[in-house]
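User: Please take a close look at a single part of this model, the contact between two domains, and set it in the context of the whole. Formal prose would be welcome, with the reasoning given where a step depends on a cut-off.

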Amino acid sequence: MKPTDIGAPDYFHKVVDCQWACPAHTPVPDYIRLIAAGRYSDAYMINWRSNVFPGILGRVCDRPCEPACRRGRVDKEPVAICRLKRVAADFKDDILDRLPPIPARKNGKRIACVGAGPASLTVARDLTAIGYHVTVFDNGKTPGGMMRSQIPKFRLPDSVIDEECDYIVSRGVETRLERWVSSLRDLLAEDWDAIFVGTGAPRGRDADIPGRQEAAANIHIGIDWLANVAFGHVTSIAKRVIVLGGGNTAMDCCRSARRLGGAEVKVVVRSGFEEMKASAWEKEDAMEEGIPIHNFLVPKEFTHVDGKLTGVSFEKVRAEYDDKGRRSLLPTGEPILLMECDTVLVAIGQENSFPWIERDIGVEFDKWGMPVLDQATLQSTLPKVFFGGDAALGPKNIITAVAQGHDAAISIDLFCRHKHLLDDRPSPLANLVSQKMGIHEWSYDNQVSEESRKKVPSKNLDKALRNIKLELELGYDLRMAYAEAERCLNCDIETIFTNKACIECDACVDICPTECITFTANGEENELRGRLKAPAKNHDQALYVADGLKTGRAMVKDENVCLHCGMCAERCPTGAWDMQKFFLKIPHAGTEVRKE
Amino acid sequence: MTYLAKPKLFRPDTPKNALGYTRRDYEGAISTLCAGCGHDSISAAIVQACFDLDVEPHRVAKLSGIGCSSKTPDYFLGNSHGFNSVHGRMPSVLTGAALANRDLIYLGVSGDGDSASIGIGQFAHAMRRGVNMTYIVENNGVYGLTKGQFSATADKGSKNKRGVVNSDSPIDLVALALQLGASYVARSFSGDKEQLIPLIKGALRHRGPSFIDVVSPCVTFNNHAGSTKSYDYVREHNDAVNRLDVILPRNEISTSYAPGSLRRIVQHDGSVLHLRKLAKDYDPTDRIGAMNHLQERHALGEVVTGLLYVDSSADDMHRHLNTVEKPLNQLGDAYLCPGNKALEGLNASLR
């Protein structure tokens, strides 16, 4: 194998699995260390810069970071990254004076953002900070978009949304609320320098099966029903409720129904339990509230008497996979199963919908009704119109919307300055700084905690189920937060090898607790992976290879289960190993391209 | 300055041996030797050898004297018996222990000071008596604990860290062991575990006195130009006579070698030593030849390594003394005090 180029910013970025997995590339270990140090405001600001809504995401993020967490590969469970983010938000001081100043002199450019969800607000934050005049349009009374209308209050209270939206809209962003944008043509006529579309995926998919029309009074589309609950239009539900669908919206529906009087709530999914789209922890939360999940059942008919829903009939299926791994659900031939109920919530997916965008103004759509975009710049075929969030590439999650907001803001800024959207795009800045303080002393806590993951305390369930606005989780207290923060392996403190200093004494090989390091003859990657001290079977994780040693062998380190404990560097007599902190600064709008 | 213990987090595919132990189960406390000390590599090699051989930790007794090397038994086999003796007296304590309980595996760990200076008499007599043990000398040519004076194994003409030339003749413990009757004699290098681990495995499975001299560079006091015990010097002058593989009776032999290149030696317990020849015409069962080869190559400044001599049919001290089969602590009162009648019979036989 060729020696690893550790100068490439992506190399160590990938080693920080959580940061790599985060769409907004939040420097996770960095803020977790600050939480352990009791510097909650600093931890909050690191988050705020990257993901804009730390308090919100600390409660409801889809947390792609946690399945990626290295701790999950050497311990039973990953670090509770998401809930540590909430700790930073819960225990911070007033941070208003830390927010970047809004330039008093504007640059004269006017940007319209349609929708006041996470993507639009991110664009607004990034662009107002560098002198743009941003106007946000939304039909709601308050900003927040789907974060406010779709997520139940017992998971995300309004106060948290208000606070974090306020950091943006109260600082130089013009809002035009309760204003429905019904025509992009009209908006274009208002002569904006650029328009950002962040309208989400507002249409819930319907279950088009017999009985749907007849029993319509007792059948609701999940996201619409959730919005009605969020805004207080719906305050009760019948006793027996069936929720169709297996995504996170279905989990929010069933748990909301449970709190509004649904004594017998059940979730029914077409797929198997394991393949459900909902995150594992959301399924667990639902089941802990006494909601059973029935799987491999395809709804066939809504049964009804006199226009009143009486139940849903299901066909039992099993999953079969073809050679290409595609799944098909085949009937098992068992008799049709009838489940009685009074109300059905349909949460089987969301779709994009752009009835307000005229098809003859230059914004092209593909055959699925999605806008044709440049994936990197998020620019549409009409140069001044940009998309982001669920509206851009289909329904994903808040953190993806934020990341796309950042990208779109960069594009809009470049566009307004007549720069090339790809060639002039700023690249991330990576930095490595030694953490050595003395013999066996590092500026990070390199002792690896052996504690297991802390469960977030919550309110008494009986009490919580009686009030839909009562936030269920209490969040970590400071003692638990510290213990959980200490579980982080500090994957951003990298092992840096200097071949010229190495005397090949094997001290690092002998001390490494997970047997990551091998000195051996170099070879082709697959073959080399097999003959390391501990075979490197995880091909998603890189091998760090260095040559130029006196014996002609290569140093090969398997990054997969490195605990970043620094023991190799502590036992190295010549300083050939050093622990250096990798910091990646992801560019936001206004960052200049480095001149080489 | 703190020494953190190794975290107890394991990689998910951590291998286990036939007893269900991981390699980590054979480790001891965290080492307090200098970073980069060759002795730590030898400890790691002992850990690996015991793991590979499925050694039950409670069946090992590790004994040592005084010195950097003699500290190391604290750093491996944390669940085995241990005895840290007076300086240079490890061999006699080990001999006594071996007499009392022949069921244990005896591992003596010593250094060049402990064995070649203060304890050379003890070393010599343990070899002579044929004690069934593995005797490892971690040989760095200096007294590390007293700041790096030449030890008795430092080569004549080699330089210390401050440039002083050694004028005394060296003691070659391998040559002594060969002469005094060790039946398994090897030399290796702490920086070459591929060679060292099989040599330790072979020694642990050998009956009779096994001696391994391991050149183990002292990174603090003896790893400079002019030293003949430095990483660089040993790597440049390492003259291996053979490569050993230890094949246990339960293992299938799957490798094949060109005829004449492999020597198979079956030990008393059925384990097989596979020796791949590196030096032409070197015969590891020829004691006189081994001594000659050693002297010739040493005169050229080479460090001869490998399994230098093995006598797979050797007897040990118990056989020489015709001792009782059972360990003393298992004999029981009735056997040890057979009563008045037996005493009278014994007395009568002497009249």
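Analyst: **The contact between two domains**

Domain 2 of chain A contributes seven residues that are in contact with eight residues of domain 3 of chain A. On the side of domain 2 that touches domain 3, the residues comprise three nonpolar, two polar and two charged. The model in which this contact appears is predicted. The C-alpha centres of domain 2 and domain 3 of chain A are 32 Å apart. According to the domain assignment of chain A, domain 2 consists of two segments, 103–203 and 352–416, and domain 3 spans 215–349. The assignment also gives domain 1, made of 1–22 and 428–596.

Domain 2 may be followed through one of its strands. Strand 4 of chain A covers residues 194–197; Ala194(A) and Phe196(A) point one way from it, Ile195(A) and Val197(A) point the other way, and all are buried. Strand 4 of chain A is joined by four bridges to strand 1 of chain A (residues 110–114), and the two run parallel. In this pairing Cys113(A) stands opposite Phe196(A). Strand 4 of chain A is also joined to strand 16 of chain A (residues 385–387), here by three bridges and again in parallel. Phe386(A), in strand 16 of chain A, is the residue that Phe196(A) stands opposite in that pairing.

Phe196(A) also leads into the interior. The largest nonpolar core holds 208 residues, and Ile35(A) and Phe196(A) are those with the most contacts inside it. Helix 17 of chain A, residues 398–416, supplies the largest share of this core, with eleven residues. Because domain 1 and domain 2 of chain A both give residues to this core, it lies between them. A second core, separate from this one, has 40 residues, among them Met251(A), Val269(A), Ile291(A) and Val344(A). In soluble globular proteins, nonpolar side chains tend to be buried together. As for Ile35(A), with neighbours within four places in sequence left aside, its contacts are Tyr40(A), Ala43(A), Leu84(A), Val87(A), Ala88(A), Ala481(A) and Ala485(A).

On the other side of the domain contact, an open sheet of chain A deserves attention. Five strands form this sheet in the order 6-14-7-8-9, with parallel pairing. Strand 6 (219–221) and strand 9 (293–294) of chain A are its edge strands, since each pairs on one side only. Strand 8 of chain A, residues 264–268, runs parallel to strand 9 of chain A and is joined to it by two bridges. Within that pairing, Val268(A) stands opposite His294(A).

Strand 11 of chain A, residues 308–321, contains Glu320(A). A residue counts as exposed if 12 or fewer other C-beta atoms lie within 10 Å of its own. Glu320(A) has 10 such atoms within 10 Å and is therefore exposed. With neighbours within four places in sequence set aside, Glu320(A) is in contact with Ser328(A) and Leu330(A). Leu330(A) is ten residues from Glu320(A) in sequence, and the two C-alpha atoms are 7.1 Å apart in space.

The domains described above belong to a chain with 22 helices and 24 strands. Chain A has a radius of gyration of 26 Å, close to the 25 Å that the globule rule gives for 596 residues, so chain A is as compact as a globular protein of that length. The C-alpha trace of chain A spans about 85 × 65 × 50 Å along its principal axes. Buried residues account for 48% of the 596 residues of chain A. Of the contacts in chain A with a separation of 6 or more, 73% are between residues 24 or more positions apart.

Finally, chain A also meets chain B. The contact between these chains takes 27 residues from chain A and 24 residues from chain B. On the side of chain A that touches chain B, the elements giving two or more residues are helix 7 (71–74), helix 20 (507–511) and helix 22 (567–571) of chain A. The residues on this side are 13 nonpolar, five polar and nine charged. Chain B has twelve helices and 13 strands. For its 351 residues a compact globule would have a radius of gyration near 20 Å, and the 21 Å of chain B agrees with this. Of the 351 residues in chain B, 46% are buried.

How values were computed: Residues are numbered from 1 along each chain as its sequence is written. Chains are lettered from A and ligands numbered from 1 in the order in which they are written. This is a predicted model: local features need pLDDT of at least 70, side-chain atom pairs count only at pLDDT 80 or more; totals for chains, interfaces and linings use all residues. The radius of gyration is taken over C-alpha atoms; the globule rule is 2.2 Å times the number of residues to the power 0.38. A residue is buried if 20 or more other C-beta atoms lie within 10 Å of its own, exposed if 12 or fewer, and partly exposed in between; C-beta atoms are placed from the backbone. Ala, Val, Leu, Ile, Met, Phe, Trp, Tyr, Cys and Pro count as nonpolar, Asp, Glu, Lys and Arg as charged, and the others, Gly among them, as polar. A nonpolar core is a set of buried Ala, Val, Leu, Ile, Met, Phe, Trp, Tyr and Cys residues joined through C-beta atoms within 7 Å. Domain bounds come from an automatic or database domain assignment. Two strands pair if DSSP finds at least two bridges between them.
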